[in-house]
Amino acid sequence: MSEFLQTRVAEASAVPLRPDHLFVYDLRAPLRIATRGEGCYLYDAEGRRYLDGAAGFVVANLGHGNAEVAEAMAAQARTLALAPFTVFVTEPALRLAARLARYAPGDLNHAVFVSGGSEAVEVAVKLARQYWVEVGRPSKYKIIGRWQSYHGNTLGALSIGGNRPRRRPYTPLLLDMPKIPPCYPYRCPPDQPPETWGPRGADYLEAAILEAGPETVAAFIAEPVVGATLGAAPAPPGYFQRIREICDRYDVLFIADEVMTGFGRTGRRFGIEHWEVVPDLMAVAKGISAGYAPLGAVLCTTRIYEAFRPPRGSGHFVNLFTYGANPLCCAVGDVVLRLTEEWDLAGRAARLGAYLRERLRPLEASPIVGDVRGLGLMLGVEFVQNKATKEPFPPEARVAARVAEAALARGLFVYPGTGTVDGERGDHLMIAPPLIIREAECDELASTLIAAVDAVARELA
Ligand code: PLP
């Protein structure tokens, strides 16, 4: 037991702290206790400092320990922390909805508030389904997703997502929904440059809609830049423009999962703006509250909202959560979004992302690095054992996990992932620090990561 825990056990004799009372994520890993966060750094109970190179899991856009957010949260908690939303709306929810309507592209002007990314995806799917019921086309219910995508950990979100390791233990419980292949430049077919492969990769959607029967398909969902499962892989040029055309042709709604890519992370307000496409629905979370409160939202266009309005529509979206539109969380979202705009975090992500990418360039020469990619401050590294054939390492080599461990031992947290190539084989890392990061911190991040990759490359040689 660490000194920290021993001290707490001694202090709290009425309720002694025992590590096994908490069902932690990985029972095999050493227990590290985070005690404090400040700016881009986290501190543990032993007093060690870590550069948070993944902003939690691509969440802490404003960095840690922001006093203005903490004060807004405390003020709202004193005023009103909860009101039954079937009867009341609250001012923080109205304020945040108005701010989002101004911030989001096109006429994505209507928000449903939930508690995080998985709930946002569930609600986007339910909103898409009920939309078709409202307009008198109840045969449309299927949601087409992509392999090597991640849309959340609830059973519905796992069903439409394509992250095989996260789906595996729950397969018998999942809904059978159609999937198309992912599309990203590093693994385009060898005879297809990304510029022409973008629109052709999107054609898989048309084939899937025709196979399922367009009259049964409610929506298509995709991450503009695939995060956890592919390691910051943006779609090629032309991909989402073609996706939009196909969705329109077959009356299929397009849901952009912006849980990770929203709120400036990729150098634009939302990731999909790189393709100048407006989706019908957007699932957002993470950066909306920058980690200070559990918050997510679904944004929908006026066409969808109007379909619910009486007398034509039922007037009632059949969905509720105890913490839906919670005033405390919405107050946090409101101050976070104000700061996101005031500090031009999208512009910062574009500038600092280009700077960090440049500092990471030496990684391209590493014998185990196949690709360094990403947009803004959502960057990824894909590891391969053969740079010419792009052959991945066998899963038992645990390459991404080993690089992440080597980085952590040097005081840097990065986000590793596996299954990059086909859901089983392949290793990647995500580098996505707080958007407030400064150049000197980018230098530290890059040099630490390069040292960690070098150390693992030497072990593997
Ligand atoms: N969608 C995407 C693209 C994500 O990256 C994540 C989480 O990483 C989720 C959904 C699920 O969000 P949460 O973990 O807040 O439920």
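# Rings, charges and strands

Phe-254 is buried, with a relative accessible area of 0%. Keep in mind that this is a predicted model. Phe-220 also counts as buried, because its relative accessible area, 0%, is under the 20% cut-off.

## Aromatic pairs

How many aromatic pairs are there? The count comes to 12. One of them is stacked: Tyr-103 and Phe-263 sit 5.7 Å apart, centre to centre, with 10° between their planes. This pair connects distant parts of the chain, since Tyr-103 belongs to helix H4 (residues 91-103), while Phe-263 is in the loop between strand S10 (253-257) and strand S11 (281-284), 160 residues apart. Tyr-103 and Phe-263 are both buried.

Phe-220 and Phe-254 make a stacked pair too, at 6.2 Å centre to centre and 25° between the planes. Here the link is between distant parts of the chain again: Phe-220 sits in strand S7 and Phe-254 in strand S10, 34 residues apart. Zoom out a bit and this pair is part of a cluster, in which ring pairs connect Phe-220, Tyr-239, Phe-240, Phe-254 and Trp-275.

Rings also meet charges in this model. The charged end of Arg-36 sits over the ring of Tyr-43, 4.1 Å from the ring centre. Likewise, Arg-166 puts its charged end over the ring of Tyr-150, 4.3 Å from the centre.

## The seven-stranded sheet

Strands S7 and S10 both turn up in an open sheet of seven strands, ordered S4-S12-S11-S10-S7-S5-S6, with mixed pairing. The edges are strand S4 (110-114) and strand S6 (179-180), each of which pairs on one side only. Strand S5 (residues 142-146) pairs with S6 in the parallel sense, over two bridges, and Gly-145 stands opposite Lys-179 in S6.

Helix H8 (residues 194-212) lies across S5, S6 and strand S7 (217-222), and runs at about 150° to S5.

Just ahead of S5 you'll find Pro-138, in the loop between helix H5 (117-134) and S5. Pro-138 touches Arg-129, Trp-132 and Val-133, leaving aside residues up to four places away in sequence. Its C-alpha atom is 42 Å from that of Val-24, a residue 114 positions away along the chain.

## Salt bridges

Side chains of opposite charge can pair when their charged atoms come close. How many salt bridges does the whole structure hold? A search finds 34. The table gives a few of them, with the distance between N and O atoms.

| Pair | N to O distance |
|---|---|
| Arg-28 and Asp-26 | 2.9 Å |
| Arg-438 and Glu-441 | 3.1 Å |
| Arg-359 and Asp-443 | 3.2 Å |

Arg-359 and Asp-443 link distant parts of the chain: Arg-359 is in helix H12 (residues 345-359), Asp-443 is in helix H14 (residues 439-460), and they are 84 residues apart. Arg-359 is partly exposed at 39% relative accessibility, and Asp-443 is partly exposed at 29%.

Is Glu-441 buried or exposed? It's buried, at 8% relative accessibility, whereas Arg-438 is exposed, with a relative accessible area of 54%. As for Arg-28, its 75% relative accessibility makes it exposed, while Asp-26 is partly exposed at 24%.

Salt bridges can also join up: Asp-203, Glu-206, Arg-242, Glu-245 and Arg-249 are linked in a network.

## Strand S14 and its neighbours

Why is strand S14 (residues 378-383) described as largely enclosed by the rest of the structure? Because six of its six residues are buried. In a regular strand the side chains alternate between the two faces of the sheet. Met-378, Gly-380 and Glu-382 point one way from S14, Leu-379, Val-381 and Phe-383 point the other way, and all are buried. Yes, that includes Glu-382.

S14 pairs with two strands described here. Strand S13 (residues 369-375) runs antiparallel to S14 and is joined to it by six bridges; Val-372 has Val-381 as its bridge partner in S14. The hairpin of S13 and S14 has two residues between the strands, and Gly-376 takes a positive phi near 60° there. Strand S17 (residues 427-431) pairs with S14 in the antiparallel sense over five bridges, and Gly-380 stands opposite Met-430 in S17.

Key: Residues numbered from 1 in each chain as written. Predicted model: local features only at pLDDT ≥ 70, side-chain atom pairs only at ≥ 80, totals over all residues. Heavy atoms only, no water. Salt bridge = Lys/Arg side-chain N within 4 Å of Asp/Glu carboxyl O. Buried < 20%, exposed > 50% of the residue type's maximum accessible area, 1.4 Å probe, protein only. Helix = DSSP H or I, 4+ residues; strand = E, 2+ residues; numbered from the N terminus. Pairing = 2+ DSSP bridges. Contact = heavy atoms within 4.5 Å. Axes fitted to C-alpha atoms, helices over the stretch in contact; angles between N-to-C directions. Phe/Tyr/Trp six-rings, centres within 6.5 Å; stacked < 30°, edge-to-face > 60°. Lys NZ or Arg CZ within 6 Å of the ring centre and 35° of its normal.
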